[in-house]
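Hi everyone, thanks for making room for me today. I'd like to walk you through one structure, so let me put it up on the screen.

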Amino acid sequence: MIFGVETSCDETAVAILKGKDQLLSNLVYSQIDVHKIFGGVVPEVAARKHVEVLYKLSLKAFEEAQITPNDIDAVSVSFGPGLIGALLIGVSFAKGISLSLGKPLIGVNHLMGHIYANFLEFPKLKPPFVTLLVSGGHTAILLVKDYLDFEIIGETRDDAAGEAFDKVARILDLGYPGGPVIDEISKKAQKLYDFPRPLYNKGYDFSFSGLKTSVLYFVRDYPEAKKEDIAASFQEAIIDTLVYKVTKFAIKENIKDIVIAGGVAANSLLREKLNTFKDKLNIYYPRQSLCTDNAAMICRAGYEKYIRNMFDTLDLDVVPNLGLSKI
Ligand code: KG4
Ligand code: ZN
């Protein structure tokens, strides 16, 4: 029984996982309303909100799971990447639980958590598979060879996909977070404009900052263009690039399973485009609530470390710029 804590950004989340895939509780307190007025996440405000919410949310999780804190076997927590102040709250809280109850502490790479969310959704899913990881801070194609063994095939050289959505939404004055709004308004719009697709045919790395800048100039130069149409055209360019690269790699390597992870996995155009490959490839993406930040995925990744006795000591530190190279 693993208790999981996630506080890397603007969601305070806790979960309790029994065994491999029995979620007894999965609670997320979204701070979006708190940060919305600022047009983005304010790190110090996020950290303070985590302090305020985390303890109460945890009590609720134990109540919902109908177990006591003493019933857990370990506590797993995101130790990076993320906002330093926000991460510190979760990691300190998890250490407190570990120390006071004498339960092992397991630090989890938040990015690995996003991939592991798929094992919760699809208990029969097994490596090897290809992953497209598309979150607010990262964008990568990975070859997952085994549960804790993977290779980075391509990464973004500048902005992450989610970051590009958020920045373009800001340019278009659509509010925060940008991904869901752009996704929604694009449904009723026309993809009239041809925005650039940097590095399209060049390997498996991504680059989205030029795309974002071209939207910025377009808005300046064509003030009469409809926001919805610009958003839809931007979305088409970014999603087309993601889908092209990940499917190309999977087909080349003859790997049938593609697993989508991270907040942008919720994007409806991404799902629609990937579904056109259904006859050649199996596409997996978790339900919406497991795509965006949650603690269930931190429990699931923690479980793999638990069964391998991969525990951390109370020296576990937060790593705000943690990449994909450390599990
Ligand atoms: O994985 P996540 O919840 O947090 C990070 O670990 O970064 O991802 C958040 C990102 C945000 O940039 C948000 O705009 C984007 O995911 N996102 C979406 C959608 N829903 C969330 N992007 C495109 N379409 C969506 N439907
Ligand atoms: Zn995330």
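I'll go through the metal site, then the residues annotated for binding, then a helix and a buried side chain.

One thing before we start: this is a predicted model, so please keep that in mind throughout.

Let's begin with the zinc ion, which is ligand 2. Which residues coordinate the zinc ion? They are His110 and His114, each through NE2, and Asp293 through OD, at 2.0 to 2.1 Å. If you like to read sites as sequence patterns, the donors follow the spacing H-x3-H-x178-D. That brings together distant parts of the chain: His110 sits in helix 4, residues 110-121, while Asp293 is in the loop between helix 10 (288-291) and helix 11 (296-306), 183 residues away.

What about the geometry? The angles subtended by the four donor atoms run from 95 to 132°, so the arrangement is tetrahedral. And are these ligands buried or exposed? His110 counts as buried because its relative accessibility is 6%, and Asp293 counts as buried too, at 14%.

Now to the annotation. The unreviewed UniProt entry lists residues 22-298 as a "Gcp-like" domain. Over that stretch, the chain is 48% helix and 18% strand, and the C-alpha atoms at the two ends are 14 Å apart.

The UniProt entry, again unreviewed, also lists a "binding site" made of Leu133, Val134, Ser135, Gly136, Gly137, Asp166, Gly179, Asp183 and Asn267. Where do those residues sit relative to the largest pocket? Its lining includes Ser135, Gly136, Gly137, Asp166, Gly179, Asp183 and Asn267.

Let me pick out two of them. Gly136 lies in the loop between strand 6 (129-134) and strand 7 (139-146). With a relative accessible area of 43%, Gly136 is partly exposed. Setting aside residues up to four places away in sequence, Gly136 touches Ala160, Gly162 and Glu163.

The second is Asp166, which is found in helix 5, residues 161-171. Asp166 is also partly exposed, at 24% relative accessible area. Apart from neighbours within four places in sequence, Asp166 is in contact with Tyr176, Pro177, Gly178 and Gly179. Gly179 is itself on the UniProt list.

Let's stay with helix 5 for a moment. Its buried residues are Ala161, Gly162, Ala164, Phe165, Val168 and Ala169. Seen down the helix axis, they fall within an arc of 160°, so they line one face of helix 5. As a reminder, an α-helix has 3.6 residues a turn, so residues three or four places apart point the same way. What does that buried set pack against? The partners are strand 6, strand 7, helix 6 (178-186), helix 7 (209-221) and helix 8 (227-253). Just after helix 5, Asp173 takes a positive phi of about 60°.

Last stop: Phe206, in the loop between helix 6 and helix 7. Although Phe206 is in a loop, its relative accessible area is 1%, so it is buried. Not counting residues up to four places away in sequence, Phe206 touches a long list, including Leu132, Thr139, Ile141, Arg157, Leu199, Thr241 and Lys245. For a sense of scale, Phe206 and Tyr29 are 177 residues apart in sequence and 32 Å apart in space, C-alpha to C-alpha.

That's my tour, and I'm happy to go back to any part of it.

Definitions and conventions
Residues are numbered from 1 along each chain as its sequence is written. Chains are lettered from A and ligands numbered from 1 in the order in which they are written. This is a predicted model: local features need pLDDT of at least 70, side-chain atom pairs count only at pLDDT 80 or more; totals for chains, interfaces and linings use all residues. Side-chain values use heavy atoms; hydrogens and water are left out. Donors are N, O and S atoms within 2.8 Å of the metal (3.2 Å for Na, K and Ca); water is not among the atoms, so sites may look incomplete. Four donors count as tetrahedral if all angles lie between 85 and 135 degrees; four count as square planar and six as octahedral if opposite donors are over 155 degrees apart and all others between 65 and 115; anything else is irregular. Helices (H or I, at least four residues) and strands (E, at least two) are DSSP runs, numbered from the N terminus. Buried means under 20% relative accessible area, exposed over 50%, partly exposed in between (1.4 Å probe, protein chains only). UniProt positions are given in the numbering used here, feature names are shortened, and annotations may be inferred rather than shown by experiment. On a 1 Å grid over the protein atoms alone, a cavity is a set of points where a 1.4 Å probe fits but cannot get out, and a pocket is an open set with protein on both sides within 12 Å along at least five of seven lines; lining residues have an atom within 4 Å of a point. Contact means heavy atoms within 4.5 Å. The arc is that of the directions from the helix axis to the C-beta atoms.
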